[in-house]
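The following note is intended for a colleague who is meeting this structure for the first time. Its points are numbered so that each may be checked separately against the model.

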Amino acid sequence: MTTSSLVIRSMRNCELTACSLTFVPLLSLEWMMNSLLDIVRDNGSPPPLAHLAFKFLYIITKVRGYKLFLPLFPHEVGDLQPVLDMLVDQNPKDSETWETRYMLLLWLSMICLIPFDLARFDGNIISEEGHARMPTMDRILKIAKCYLVVSDKARDAAAVLVSKFIVRPDVRQKRMADFLDWTLSMLSKSSFQTMEGTVVMNGMLQALAQLFKHGKREDCLPYAATVLECLDNCKLSQSNQMVLRKLGMKLVQRLGLTFVKPKVAKWRYQRGCRSLAANLQAQGSVVQNQIITVPANEADDEEEYDIPAEIENVVGQLLVGLKDKDTIVRWSAAKGIGRISGRLPKELADDVIGSLLDCFSFQETDNAWHGGCLALAELGRRGLLLPSRISDVVPVILKALTYDEKRGACSVGSNVRDAACYVCWAFARAYDPAELIPFINQISSALVIAAIFDRDVNCRRAASGTFPHGIEILTAADYFAVGNRVNCYLTISVYIAGFPEYTQPMIDHLVNMKINHWDSVIRELSTKALHNLTPRAPEYMANVVLPRLLPLSVGTDLHTRHGAILACAEITHALCKLAEENNRYKCKIILTINFPFMSGGWQWLINDSLRSLSLVSSFLPLRVVTLNTKSEIFLLFVDELVTQYVSELRNTEEMIRCGFSRALGALPRFLLKGRLQQVLEGLKKVTLISPADVSFAESRRDALIAIAKVCQTVGVKGEGSEEEYVCKDNITQIYATLFTAVTDYTTDSRGDVGGWVREAAMTSLMEVTLLLVQNEAELINANICKQIMCWLAQQSAEKIDKFRAHAGSVFLTLLHFDHPPVPHIPHREELERIFPRSEKETLNWNAASEAFPRITQLLGLPTYQYYVLLGLSVSVGGLTETTVRKYSAQSLFDYMKKIQNDSSAMESFCETLLKVFEDNLRNDRVSVPLLTMLDQMLANGCFDIFTMQENHPFSVKLFTLCKEEIKRSKDIRKLRSSIGVFCGLIQFQGDMREKVLFQLFLLLCHPFPVIRKTTASQVYEMLITYSDVVDPAIMDEVMAILSDTNWEAELPVVREKRNCLCDLMKVPKPQLVSKVKNGNVLPRGGCASHRILTLPKRKNIIYKLIQTVFPYIGPISF
């Protein structure tokens, strides 16, 4: 096997190697490394193979970590020179071999630990040529400095090399001071505002952090103050580079540890022996429960020493770092706080804790809360947070467990709650249970609440820790169970509420924190959870919770109001179900609910909420509570209620219309009885478009949904009264309203908002039709069914995927419904062949490649041809080149090929096409894409069967319609599309050619330069394609005029060239037409400034002003 093939084959296996190395034992790793290094050491190995070996070594290092991997490198004396030589041969700027340089630097950092003075390797430093060779020490230092300023991964390895190399006794004495001077000077000269400066600062900070980590304190202490001063001057806290701030924080804590003596604080809290082996060997539980304490006199006997002033600066920077915007910086600062506090006297460490607690202020951001929690966990884990401070810390942690702040459309605080769970975990491991007994109920309740009611899954999983009844609770709320939020709220919560100590805190949390949550899903889940928890504490719900919720339901905060209303409904419902089993609570429920209802409070609340739906959510479902309809007080205002709701449908605010439309759709049958026609008329008026409410698409949508809901509520009775049932007298009106809505194509700044209306209309058509089919199918006549299926077919052929898919789904639902089947569906057999029942669920209407080949087959069915062609016109002639346009056009052309030789089918198709054009004349939504579609069809030869017939009616009618469509139009896209159609019509024989050329020559002098240029370009292409249009003798001259003329020049120049073309091709020259305006004849060809002088004197002032602003307006051409 050749080297190149080995390299290729090996690189293919790199990903597999990285995935499997995690489970390789240490001995196997050593064997793998030695095998790869043998390739590197072999002088006969080609460079690509050596680089590949280093790449595999890097993969191993990346998976297992360089710290574990580093001791496995061979580090004999004989390895030093070869590794140095290989590093010298490397190109630091080669982006393909950075793994080689990275591994060589790590290897060298291990070799540097050999216990021999490096001067012994120099021997006679005078080379044979007489030049002094660089000492080995300087060579290594030069290599390290070189790679500390590169931008690739080798920089990290160079920092490791420095930390191992500089701390050698011989190097420390000779080079440590110089190296630190070089490092600090590089830091001072660099700026984090440039990319080059950022790279340099990164390398310097890594080197310093590693050096102060691995160096001895007595060696680093003389330089620590200078390094700290230089670091302060760099002002890394102002940098936008996260890595620089993290390295700065790491260096600051290493400097702080250098300033204080490395000793274990005798005052720290120690729980005792927590070794499992020691506990098992101990007799009884004496060892396990033993608390190691420090006598007061022992603390006093502690060696006194002065704490350097720099420590205050270090701790201050670490406290600021706890508020950093990036988590890794805050985490580094928290670890620094824990490490340094462990070396401080008790009083100073307590001051640090006091300053740390200042982070937990509601004036602080979520970053400060998160950093503070991390630091508290570190202090607790290390035993530096004494039991006397627990009473100050626990209230803060309880607040952090529920920390949640809304920011725009989302919230922040999940990281704070997660870190608070980490604090609880740290406390449980650090403190004896006896220390936490006073707080155990608060902490356990908060953790249980977080485990089941937190919005984020990572917080719920973090909180599912140890608490009273821990085994039972963890069995139900394990890691996987809490992953489902709905399951937590509605199922697990009921089980945990069975433990009395958790029931009331859970209910209070839902009432205080969750029913007013910014997320509507959480509000709704919380109210459902209250419903489920009511049987656990019915007395508390009836006597405490409901009285607390009622004032909230009429408050000013809309989130709170929404949640409180839902909560009242859910709790009332739950108490009512309990009352059916036990009459104990019935009296209390009546007193709680009926009193505000009788006073008008509930009705006012409902009406006011309906008017404010826009401020809560545009899509919140309406909740209706079933009331006692036999109440005399209730029946007094039923008539007024429906009349008031119908009158609000004409409100000038759209969202008020939406709210009351939804309310009417949700009314129970007894309220609609005798008032059905009034409600349907009111909803019908909402669906109509008027100039004042043309943009009220959402209210029209909700009214259409309400119509279907009302029909389903009242039911069907063919011979019944139109005031009580859907019957033969009102069914035509209902369908007419829905059919009108299917044609809503309103657009505004939000886009095709009419699509919402069409979607709701299609849904309502399906629901009403299925309602009739299942009850009295004879109410659906053939004409109604035809319109339903035709409108759905049109929507199934349009360009917007969402609405096309919805229309297709409704179409197939009605086609294949068989309980009983929908009657009078046109061409049912052909439709079932095109859309088999087996593909009802699998056909992807969203995919244009699947939908359009099916829908274009409906063009062969006369009933659907017009509507499908109307929908296809918009899709094929779309504005942009999308997959919809591609597949819709291809499907249409495929259909045209099938009927190309069938003259009757072609005649029928063309007649329908012209009918679509004629019906939508000047309707830009259809006519503009229709022109584009016609251009494509003419270019693809779809009408070749008619081109040989002189003056074929199709071409004559199409030409007339195109002329009428662009008459006095200023729409650039429409004019451009019409040019393509005119050029395509040139292929028809007879008088049509002269008419087309005349029209095109008119466009050659259009007022818009872009239209003149487009016309000339397309006429040029037309003459090339249809060479028989022009006499070959004049062909070259005509083409030269078209291509060489600047058609964007002034109109007189362009007109002269146009007239020359008319003479050559024997086409009549277009003549300027005189216009009579206000009794004055405007001379042909005259400029606007001349015409202004002939206007009546009463308008002279205005037109003189126009002359002043626009001194010259070009002559008008026709």
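1. N730 sits in the loop between α40 and α41. In this predicted model, N730 counts as buried, with a relative accessibility of 0%. A polar atom of the N730 side chain lies 2.8 Å from the backbone nitrogen of C727. Leaving aside residues up to four places away in sequence, N730 touches L676, Q677, L680, E722 and Y725. Of these partners, L676, Q677 and L680 are themselves among the buried residues of helix α39.

2. Helix α39 covers residues 676–687. Does its length agree or disagree with what is expected at 1.5 Å a residue? The length agrees, because twelve residues should span 16 Å and the end C-alpha atoms are 17 Å apart. The buried residues of α39 are L676, Q677, V679, L680, G682, L683, V686 and T687. The elements that cover them include α36 (638–648), α37 (654–666) and α38 (669–672). Also included in that cover are α40 (697–714) and α41 (731–741).

3. T737 belongs to helix α41. With a relative accessible area of 5%, T737 is buried. The T737 side chain reaches the backbone oxygen of Q733 at 3.0 Å. When residues up to four places away in sequence are not counted, T737 touches K684, T687, L704 and I707. One of these, T687, is a buried residue of α39.

4. A further threonine, T572, is placed in helix α31, which comprises residues 558–581. T572 has a relative accessible area of 10% and is therefore buried, the cut-off being under 20%. A polar atom of the T572 side chain lies 2.5 Å from the backbone oxygen of C568. T572 and M541 are 31 residues apart in sequence, and their C-alpha atoms are 9.2 Å apart in space.

5. Helix α24 runs over residues 440–453 and has 14 residues. From its first C-alpha to its last, α24 reaches 19 Å, close to the 20 Å expected at 1.5 Å a residue. Is α24 mostly covered or mostly open? The helix is mostly covered, with eleven of its 14 residues buried. The buried residues are I443, S444, S445, A446, L447, V448, I449, A450, A451, I452 and F453.

6. How many disulfides does the count give? The count comes to zero. For C1005, the closest cysteine sulfur is that of C1062, at 8.2 Å; this is too far for a bond, because a disulfide requires sulfur atoms within 2.5 Å. C1005 is buried, with a relative accessible area of 1%. Another cysteine, C488, is also buried, at 0% relative accessible area.

7. The largest nonpolar core has 156 residues. Inside this core, the residues with the most contacts are L858, Y864, F943 and L1023. Helix α42 (residues 754–775) gives the most to the core, with eleven residues. L858 touches A793, F811, L831, I834, F835, Y864, Q865 and V868, residues up to four places away in sequence not being counted. A second core, separate from the largest, has 145 residues and includes L84, F192, I340 and L356. As a general background, nonpolar side chains tend to be buried together in soluble globular proteins.

8. The chain as a whole has 1118 residues, of which buried residues make up 50%. Its secondary structure comes to 59 helices and four strands. Among contacts between residues at least 6 apart in sequence, 70% join residues at least 24 apart.

9. A final point concerns confidence. The mean pLDDT of the chain is 83, and 84% of its residues reach 70 or more. Where does pLDDT stay under 50? One such stretch is residues 282–303, for which the model has 22 contacts beyond four places in sequence. Residues 585–601 form another, and for this stretch too the model has 22 contacts beyond four places in sequence.

Definitions and conventions: Residues numbered from 1 in each chain as written. Predicted model: local features only at pLDDT ≥ 70, side-chain atom pairs only at ≥ 80, totals over all residues. Heavy atoms only, no water. pLDDT = per-residue confidence, 0-100. Contact = heavy atoms within 4.5 Å. Helix = DSSP H or I, 4+ residues; strand = E, 2+ residues; numbered from the N terminus. Expected span 1.5 Å × (residues − 1). Buried < 20%, exposed > 50% of the residue type's maximum accessible area, 1.4 Å probe, protein only. Polar contact = N/O pair within 3.5 Å; in protein donor to acceptor, adjacent residues only side chain to side chain. Core = buried A, V, L, I, M, F, W, Y, C linked by side-chain atoms within 4.5 Å.
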